[in-house]
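Visitor: I am new to this structure and would like a close look at a single part of it. Please take me through it slowly, in one connected answer.
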Amino acid sequence: MAFFRMPGVKVPHRKHTSNSIPSRITPPEEVCLLLSMHIGAPAIPAVKPGDKVKIGQLVAKEGGYVSSPVHASVSGTVKRIDDITTAANTLSKAIVIQSDGLMEKYEFLTPPQVTDRPSFIQAVKESGVVGLGGAAFPTAVKLNVKEGVTVEEIIINGAECEPYITADTRTFIDRADELLYGVDLLLKYIQPKRIIIGIENNKKEAIQKAKKLFESVKDVAVRELPSVYPQGGEKVLIYSTTKKIVPEGKLPLDVGVIVLNVTTVAAIARYIRTGMPLTEKCITVDGSAVNAPANLIVPIGTRIKDVFAAAGGFKADPEKIIMGGPMMGHSMPDTEYPVMKGTNALLAFDKKDAEIPEETPCINCGSCIQRCPLHLDPPAFGKAYMLKDPKALEKLKVNLCMECGVCSYVCPAKRHLVQRNRLAKNMLKEHNEKKKAEENKNG
Ligand code: SF4
Ligand code: SF4
């Protein structure tokens with residue numbers, strides 16, 4: 001098992017929007033709902049071009065156990081079902097809905113009947129809620145704990161350690177009632193021994209609100225965490241809140257833990273209280289090219305260009321657009337791409353801030369290894385990748401890399417380490433898939 005410790009780096013917070021109360025944007029003319037905006041099997045269309053839909057209506061049902069349904073986020077007409085290229089350069093089907101501008105709610109939405117754990121899990125599944133901190137893993141699957149397995153802790157992730165992003169911080173402040181109800185549902189139906197809410201100590205207002213909210217709730221503790229990146233990484237958070245280490249190749253549940261993002265908990269509560277599934281998302285819009293940085297509530301499927309327009313457009317040419325935070329987000333090739341369930345930020349940077357420093361040769365300083373939360377060896381990954389040596393990559397445990405970007409951040413030679421880590425991980429994955437296919441072929 002890779003050596004684990006509390007490492008990381010101090011990154012500039014740049015939480016300019018922490019006081020920005022989220023506001024709903026003017027509904028876009030159309031939305032583009034990807035059917036693969038979660039981990040697992042794509043959702044399957046339940047509508048066809050020409051169908052009229054309203055907000056909250058099911059437009060695609062889950063495509064398997066690990067999957068999630070998709071609901072209309074505007075009222076209007078299904079225009080087409082497209083194949084589009086995703087940010088990860090894969091193909092996904094997408095349902096494009098032309099808005100009628102009325103934003104009418106689907107009239108048949110009713111709160112689900114939740115009376116026990118199975119009906120709670122079923123409701124979470126139907127809500128379309130996935131990990132809203134960016135991971136997008138279907139939440140119902142995470143909560144569907146096998147009979148006999150004890151959940152010691154549910155950890156609610158409010159760390160929000162990436163620079164710029166304040167959407168989760170706003171959940172503590174603006175959705176306290178839903179958060180309280182969501183925690184109550186988890187205590188009642190998942191029955192963990194305790195719930196720990198982890199918040200980085202640079203979010204004073206969120207900590208204050210959460211402490212007040214839960215002061216009289218038994219078995220719930222609010223924990224202030226050092227603001228060190230990547231404090232919100234799942235394994236890092238588990239370690240900082242419980243001192244438990246998730247063994248290599250194991251899941252948090254193997255050490256009795258489930259981690260849920262704070263906005264995910266609020267979204268579950270909203271569905272169970274109102275019957276309205278996940279159709280909108282609070283997004284932090286910021287960066288040096290953005291005119292009026294803000295937290296905006298947008299219908300899922302809104303195109304990036306419409307979100308930036310709602311933030312006053314650009315004050316400088318956007319040289320780089322990132323979906324997510326600057327450490328782990330994805331660079332977007334254009335602004336036609338839609339907001340997904342897991343999108344928590346859109347950042348646009350001017351030429352100066354977008355400049356990529358030139359790489360210089362490695363000086364073997366070891367900083368990348370020292371600062372890596374898992375004590376991995378990124379320069380060695382790079383060498384094995386160049387030599388096309390998947391066996392070496394396996395030995396070096398490249399698969400454990402969580403792509404947090406700490407190694408690249410601390411490298412004095414400005415080596416593009418995390419990008420190479422990604423390529424190396426893909427090389428190992430392809431190698432293992434090929435090996436498995438050959439083994440299956442040969443019986
Ligand atoms: S990106 Fe991977 S190798 Fe680099 S610090 Fe993070 S976990 Fe370690
Ligand atoms: S931090 Fe950069 S220069 Fe130092 S060992 Fe790692 S790759 Fe080399």
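Visitor: Which residues surround ligand 1?

Guide: In this predicted model, ligand 1 is surrounded by Cys372, Pro373 and Pro378, by the run Cys401, Met402, Glu403, Cys404, Gly405, Val406 and Cys407, and by Val418 and Asn421. Two helices, H13 (406–410) and H14 (417–441), are the elements that give two or more residues to this shell. Sorted by class, the shell around ligand 1 holds 9 nonpolar residues, 2 polar ones and 1 charged one.

For context, a further site can be described in a similar way, namely the second largest pocket, which has a volume of about 600 Å³. Its lining counts 28 residues, and Arg24, Arg270, Thr279, Glu280 and Ile297 are those that lie nearest the centre. By class, the lining of this pocket comprises 16 nonpolar, 4 polar and 8 charged residues. Helices H3 (167–174) and H7 (262–274), together with strands S13 (280–286) and S14 (294–299), each supply at least two residues of that lining.

Of these elements, H3 has 7 of its 8 residues buried, so this helix is largely enclosed by the rest of the structure; among the buried ones are Asp168, Arg170 and Phe172. Strand S13 is likewise largely enclosed, because 6 of its 7 residues are buried. S13 pairs with S14 in the antiparallel sense over 6 bridges, and Ile283 has Leu296 of S14 as its bridge partner. S13 is also joined by 3 bridges to strand S17 (residues 345–349), with the two running parallel, and here Asp286 stands opposite Leu347 of S17.

How values were computed:
Residues numbered from 1 in each chain as written. Chains lettered and ligands numbered in written order. Predicted model: local features only at pLDDT ≥ 70, side-chain atom pairs only at ≥ 80, totals over all residues. Heavy atoms only, no water. 1 Å grid on protein atoms, 1.4 Å probe; cavity = no way out; pocket = protein on both sides within 12 Å on 5 of 7 lines; lining within 4 Å. Points joined across faces, edges and corners; volume = space filled by probe spheres on them. Helix = DSSP H or I, 4+ residues; strand = E, 2+ residues; numbered from the N terminus. Nonpolar A, V, L, I, M, F, W, Y, C, P; charged D, E, K, R; others polar. Near = heavy atom within 4 Å. Buried < 20%, exposed > 50% of the residue type's maximum accessible area, 1.4 Å probe, protein only. Pairing = 2+ DSSP bridges.
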